[in-house]
Each structure stands twice: as structure tokens, then as C-alpha cells.
Amino acid sequence: MPRILEPRRLAHQGVAISGELDQAFCDRLTEAVIDIIEPIDVELRFDTAEQGRRVLTGSVSTSVLIPCQRCLEAMPVVLSAEFRLGIVWSEEEAVSLPKDLDPWLVDSEAADVAEVLEDELLLTLPFVSYHSKDQCNDVAGYSTEEPTAEEPAKNPFGILEQLKNSGSNN
């Protein structure tokens with residue numbers, strides 16, 4: 001799948017493209033995850049919609065490894081996004097798009113479609129990620145329960161109490 005496309009021409013021709021996006025084009029996604037473990041599958045359809053608007057409809061999916069926030073071990077997550085973008089050439093055009101279209105601002109004949117696809121994948125990353133309890137390797141020594149030490153917990157202000165009591169005898 002090419003990184004740089006000509007969205008105006010492709011929309012005018014009604015072109016459909018499918019393939020795999022090279023992971024090397026996705027620096028931000030690579031930095032956000034431990035590893036991309038499956039190919040980035042892409043399906044794109046360039047078209048002209050109502051009122052002559054040029055539209056990109058598509059889907060992108062892959063599987064990545066991200067850290068479990070409980071045990072910090074890698075866990076697989078499927079990232080999948082479907083999108084519908086209005087191809088616009090200015091901020092004014094972007095504002096006038098219908099609510100069902102997100103803007104894709106293209107300021108020249110050629111545009112970086114990999115950047116758009118990477119954005120869509122980044123938006124699907126989970127805010128928090130945990131293994132299920134039975135799969136998670138809890139961090140050793142960490143517990144939310146009360147300590148079960150044989151000695152009672154020492155009062156951090158115990159020394160002050162001793163000083164206060166010894167001062168009242170004088």
C-alpha cells in the first residue's frame with residue numbers, strides 16, 4: 001500500500017484500494033505500543049458524495065502488544081477502526097462538512113494517507129489495559145490488604161508520646 005496518494009484524483013475516479021500498510025510508516029503507533037504483531041490491514045474507498053464532496057471511507061486493523069497496567073507484562077490487543085472522512089482543502093471547508101464526516105485536510109495534490117490511518121489506530125488504543133484476573137501475573141509483594149505481620153504496627157508518634165510523658169515527671 002503506498003504512503004502518498006492523490007485523494008482528489010482517486011475520489012474523482014471512485015477508486016477502491018486494499019492492502020497492508022508498512023509498519024515503518026507508523027512511528028507514533030510504534031512508540032505507543034510494545035510491538036505491532038500483525039500486519040496493518042487497510043481497505044479504502046475514495047468517492048464523490050452529495051454536493052460533490054470528496055469522501056474517503058475505509059477501515060484499518062492490526063494487533064499490537066501493550067503493557068498490562070497491573071503486572072506490566074505484554075498483552076495482545078486488536079485495534080480496529082472504521083472511518084468516513086471528508087477530503088477538504090481548507091479550514092472553511094472543514095467547518096461546513098456534515099456531522100457524519102470528519103475532515104481530512106489535504107493542502108496539495110498528494111497526501112500522506114499513512115498518517116490518517118495511524119491516527120485512526122491511535123484513537124482505538126484503550127485508555128486502561130489489564131489482563132483478566134486469571135491471566136494476570138500480579139506484581140510480587142504488592143497487596144491492597146492489611147499487613148499480617150506478627151508484631152503490631154509501630155506508632156510513628158510513639159517517641160513523641162514517650163518524650164511528653166518523661167517531661168511531665170520533672
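This is a short walk through one protein chain, ending at a single glutamate.

Okay, before anything else: what you see is a predicted model. The chain has 170 residues, and 31% of them count as buried. As for secondary structure, there are five helices and eight strands. If you trace the chain from the N terminus, the order goes β-α-β-α-β-β-β-β-α-β-β-α-α.

How far apart in sequence are the residues that touch? Well, take the contacts between residues at least 6 apart, and 60% of those join residues at least 24 apart. On the outside, the accessible surface is about 11500 Å², with 50% of that belonging to carbon and sulfur atoms.

Now, pockets. The largest pocket has a volume of about 230 Å³. It's lined by 15 residues, and the closest to its centre are Trp104, Leu105, Glu115, Val116 and Asp119. Which elements give two or more residues to that lining? Those are β7, residues 102-105, then β8, residues 111-112, and α4.

Let's stay on α4, which covers residues 113-123, because there's a residue there I'd like to show you: Glu120. Glu120 is buried, yet it has no salt bridge. So where is the nearest side chain of opposite charge? That's Arg28, and Arg28 is 10.0 Å away, while a salt bridge needs the two groups within 4 Å.

And what does Glu120 touch, leaving aside residues up to four places away in sequence? Val60, Ala81, Phe83 and Leu85. So that's the picture for Glu120: buried, no salt bridge, with Arg28 10.0 Å off.

Key. Residues are numbered from 1 along each chain as its sequence is written. This is a predicted model: local features need pLDDT of at least 70, side-chain atom pairs count only at pLDDT 80 or more; totals for chains, interfaces and linings use all residues. Side-chain values use heavy atoms; hydrogens and water are left out. Helices (H or I, at least four residues) and strands (E, at least two) are DSSP runs, numbered from the N terminus. Buried means under 20% relative accessible area, exposed over 50%, partly exposed in between (1.4 Å probe, protein chains only). Lys and Arg count as positive and Asp and Glu as negative; His and the chain ends are not counted. Contact means heavy atoms within 4.5 Å. Accessible areas come from the Shrake-Rupley method with a 1.4 Å probe; for residues, only the protein chains shown count as cover. On a 1 Å grid over the protein atoms alone, a cavity is a set of points where a 1.4 Å probe fits but cannot get out, and a pocket is an open set with protein on both sides within 12 Å along at least five of seven lines; lining residues have an atom within 4 Å of a point. Grid points are joined across faces, edges and corners, and a volume is the space filled by probe spheres set on the points.
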